[in-house]
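Student: I would like to learn how to read side-chain contacts and strand pairing from a model. Could we work through an example?

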Amino acid sequence: QNNPIMKRLFPLFLALIFIGQSAHAQTFQLNPYVGYTTSSKLETGGGKYRTRGNMNFGGNLSFGRGVSGAGFSRNAFVELQYNYCNTDLEFRGFNGGKFPLGEISVHNIMIGGTKGAGNGKVEGYGGTFLGVTIYDQSAPSSDTYTRFTVAFGGGMKYFITPSVGLR
């Protein structure tokens with residue numbers, strides 16, 4: 001009854017139970033994905049830089065309450081995301097000339113939040129993300145550029161297991 005060791009261990013035991021229950025309610029999700037990036041252009045004083053559309057690949061790691069949450073936290077996640085696209089880059093001068101510049105790799109690394117709704121097997125989602133985009137041209141004489149990025153996304157997610165889904 002008056003065991004000093006038990007008096008010290010009991011609050012620790014209660015804290016571990018509480019932490020275990022809180023951690024149990026959290027969900028980690030790994031979502032690989034494949035998509036398509038459309039062609040884009042950037043106008044300059046002498047012409048336009050253009051990229052060709054191509055497939056992109058990526059994945060994200062999400063942490064949140066999933067379907068076990070209540071209210072706004074239900075299907076709300078914090079997400080770390082990576083996306084990669086490799087495509088051709090060319091310069092088209094306003095005088096009509098076309099100059100191939102080789103390949104360019106585009107890496108997006110972002111963090112943000114997503115909110116979904118669905119039945120736990122298939123769900124729609126939307127999100128907002130902040131991060132960086134790294135432009136890495138294959139030509140040895142070119143520089144690599146890193147830029148601040150803001151992105152908005154949405155789509156459908158299909159869960160293969162409760163922790164692995166396809167978007």
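Tutor: We can begin with one histidine. H107 touches Y82, N83, Y84, V132, T133 and I134, leaving aside residues up to four places away in sequence. Keep in mind throughout that this is a predicted model.

Student: Where is H107 placed among the strands?

Tutor: H107 belongs to strand β6, which covers residues 98-118.

Student: Is H107 buried or exposed?

Tutor: The cut-off for buried is under 20% relative accessible area. H107 has 18%, so H107 counts as buried.

Student: Which side chain makes a polar contact with the side chain of H107?

Tutor: That of Y82, at 2.6 Å. Y82 is also among the residues that H107 touches.

Student: Now to charged pairs. What is the general idea, and how many salt bridges are there?

Tutor: Side chains of opposite charge can pair when their charged atoms come close. In this model the count is three salt bridges.

Student: Which residue forms a salt bridge with R52?

Tutor: D88 does, with 3.0 Å between the closest N and O atoms. R52 sits in the loop between β3 (47-51) and β4 (54-64), while D88 is in strand β5 (residues 76-93); the two are 36 residues apart, and the pair links distant parts of the chain.

Student: How accessible are R52 and D88?

Tutor: R52 has 42% relative accessibility and counts as partly exposed. D88, at 33%, is partly exposed as well.

Student: Which residue meets E90 in a salt bridge?

Tutor: R92, with an N to O distance of 2.4 Å. Here the two accessibility classes should be read separately. E90 has a relative accessible area of 19% and is buried, whereas R92, at 32% relative accessibility, is partly exposed.

Student: What about K157: which residue forms a salt bridge with K157?

Tutor: E123, and the closest N and O atoms are 3.9 Å apart. The cut-off for a salt bridge is 4 Å. E123 lies in strand β7 (residues 122-137) and K157 in strand β8 (residues 144-159), so this salt bridge ties together parts that are 34 residues apart in sequence.

Student: Are E123 and K157 buried or exposed?

Tutor: Both E123 and K157 are buried.

Student: Which rings does K157 lie over?

Tutor: K157 lies over the face of F77, at 5.2 Å from the ring centre. K157 also lies over the face of Y125, at 5.8 Å from the ring centre.

Student: How do the strands β7 and β8 pair?

Tutor: They run antiparallel, with 15 bridges between them. To see the register, look at G127, which stands opposite G153 in β8.

Student: How many residues lie between β7 and β8 in their hairpin?

Tutor: Six residues lie between the two strands of that hairpin.

Student: Which strand is joined to β8 by two bridges?

Tutor: Strand β9 (residues 165-166), and β8 and β9 run antiparallel. In this pairing F159 stands opposite G165 in β9.

Student: Last, the aromatic rings. How many aromatic pairs are there, and which residues form a cluster?

Tutor: There are two aromatic pairs. Y49, F91 and F99 make up one aromatic cluster.

Student: Let me go back over K157 as a check. K157 forms a salt bridge with E123, lies over the faces of F77 and Y125, and is buried.

Tutor: Yes. Read H107 in the same manner: H107 is in strand β6, is buried, and its side chain has a polar contact with that of Y82.

Terms used
Residues are numbered from 1 along each chain as its sequence is written. This is a predicted model: local features need pLDDT of at least 70, side-chain atom pairs count only at pLDDT 80 or more; totals for chains, interfaces and linings use all residues. Side-chain values use heavy atoms; hydrogens and water are left out. A salt bridge is a side-chain nitrogen of Lys or Arg within 4 Å of a carboxyl oxygen of Asp or Glu. Helices (H or I, at least four residues) and strands (E, at least two) are DSSP runs, numbered from the N terminus. Buried means under 20% relative accessible area, exposed over 50%, partly exposed in between (1.4 Å probe, protein chains only). Rings of Phe, Tyr and Trp (its six-membered ring) pair if their centres lie within 6.5 Å; planes under 30 degrees apart count as stacked, over 60 as edge-to-face and the rest as tilted. A charge sits over a ring if NZ of Lys or CZ of Arg is within 6 Å of the ring centre and within 35 degrees of the ring normal. Two strands pair if DSSP finds at least two bridges between them. A polar contact is a pair of N or O atoms within 3.5 Å; within protein, one must be able to donate a hydrogen and the other to accept it, and residues adjacent in sequence count only if both atoms are side-chain atoms. Contact means heavy atoms within 4.5 Å.
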